[in-house]
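Dear colleague,

I am passing on a structure that I have been going through, and I would be glad if you could read my notes beside it. The sequence and the coordinates come first, and the findings follow.

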Amino acid sequence: MLCIGHRGARGYAPENTLESIEIALTQGAKWIEIDIRQHSGELVVIHDKYLERTTNGQGHIYQHDLSQLRDFQSSNLQGIPLLSEVIEQVNRRAVINIELKDRASALPTIKLIEYFIERGWHYDDFLVSSFYHHALRDIKETQPLIKTGALCASVMIDYAKFAQDLGAWSINLCSESVNQEIIDDAHQRGLKVLIYTVNDPRLFSEFEAMGADGVFTDYPQRFFEWQAQKK
Ligand code: G3P
Ligand code: MG
């Protein structure tokens, strides 16, 4: 089962910062997940549309121009990174799951992935996911080689059919609502199943037994300790 560092390693450092990502990699994560939003044609790495929870800024991100936005800091004194900075920092040490927090980020994300593909990166170095399934359709229609993950917070009436219809690589399900039926249905359709956000080792065991292919966790180290003590 894959360990995906959630917003880097947000249990150990402020989420979606370069430090958080580096900690996840140091702890052994081969996958990391980050959240992005489009701002003035650029892609910024931030979960919320409002600044207060994670930075010393205030208000909506669109109330600030890009350079002002970049001056705000998390509690570790790191600024809001650009997606390009994250890709450079990771430098192919892990797969990057880019979660689009808006539809407008879809096309700039494709362009950026293509830019890095031309410089030696591979399509397998990225997974683009979103709760905005129109954004995932935009991606598949523009560049089918980019792998997508369909995020979902519920068990849909047709199980994983929508994700198969979207041409997704994975269905990314909420730990609160996932059940065996949707996991089995997804696998029958050839989809991977990734579950967010899982921090309790008892749930690592439970989801592994259910056949999950990966879990998003704020605590990669905890995951690897759980994995080591199983042997
Ligand atoms: O991508 C998995 C997970 O990050 C989705 O929810 O709110 O943590 O971005 P959220
Ligand atoms: Mg996310």
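Are Glu-33 and Glu-99 buried or exposed? Both residues are buried; please keep in mind throughout that this is a predicted model.

The two glutamates bring me to the metal site. The magnesium ion (ligand 2) has as its protein donors Glu-33 (OE), Asp-35 (OD) and Glu-99 (OE), which lie 2.0 to 2.1 Å from the ion, and along the chain these donors follow the spacing E-x1-D-x63-E. Glu-33 belongs to strand β2 (residues 31–39) and Glu-99 to strand β4 (residues 95–100), so that this pair, 66 residues apart, links distant parts of the chain.

Ligand 1 shares these residues, since Glu-33, Asp-35 and Glu-99 are among its surroundings, together with His-6, Arg-7, His-47, Lys-101, Phe-131, Leu-151, Tyr-196 and Phe-216. An oxygen atom of ligand 1 is 2.7 Å from a side-chain N or O atom of Glu-33, while polar side-chain atoms of Asp-35 and His-47 lie 3.1 Å and 2.7 Å, respectively, from an oxygen atom of the ligand. Taken alone, ligand 1 exposes 290 Å², of which the protein buries 90%.

Strand β2 deserves a closer look. Because nine of its nine residues are buried, β2 is largely enclosed by the rest of the structure; Trp-31, Glu-33, Asp-35, Arg-37 and His-39 point one way from the strand, and Ile-32, Ile-34, Ile-36 and Gln-38 point the other way. Its partners include β1, which runs parallel to β2 and is joined to it by three bridges, with His-6 paired to Glu-33, and β4, also parallel, which is joined by six bridges, one of them placing Ile-36 opposite Leu-100. Strand β3 (residues 42–45), by contrast, runs antiparallel to β2 over four bridges, and in the hairpin that these two strands form, with two residues between them, Ser-40 takes a positive phi near 55 degrees.

Strand β9 (residues 214–217) is covered on both faces, with Gly-214 and Phe-216 buried on one side and Val-215 and Thr-217 buried on the other. Strand β1 (residues 2–6) pairs with β9 in the parallel sense over four bridges, Leu-2 being the partner of Gly-214, whereas β8 (residues 192–196) pairs with β9, likewise in the parallel sense, over two bridges. Finally, β8, helix α8 (residues 201–210) and β9 make up a right-handed β-α-β unit.

With best regards

Methods
Residues numbered from 1 in each chain as written. Chains lettered and ligands numbered in written order. Predicted model: local features only at pLDDT ≥ 70, side-chain atom pairs only at ≥ 80, totals over all residues. Heavy atoms only, no water. Buried < 20%, exposed > 50% of the residue type's maximum accessible area, 1.4 Å probe, protein only. Pairing = 2+ DSSP bridges. Right-handed = clockwise from strand over helix to strand, strands pointing away. Donors = N, O, S within 2.8 Å, 3.2 Å for Na, K, Ca; no water. Near = heavy atom within 4 Å. Polar contact = N/O pair within 3.5 Å; in protein donor to acceptor, adjacent residues only side chain to side chain. Areas by Shrake-Rupley, 256 points an atom, 1.4 Å probe, with all protein chains shown as cover.
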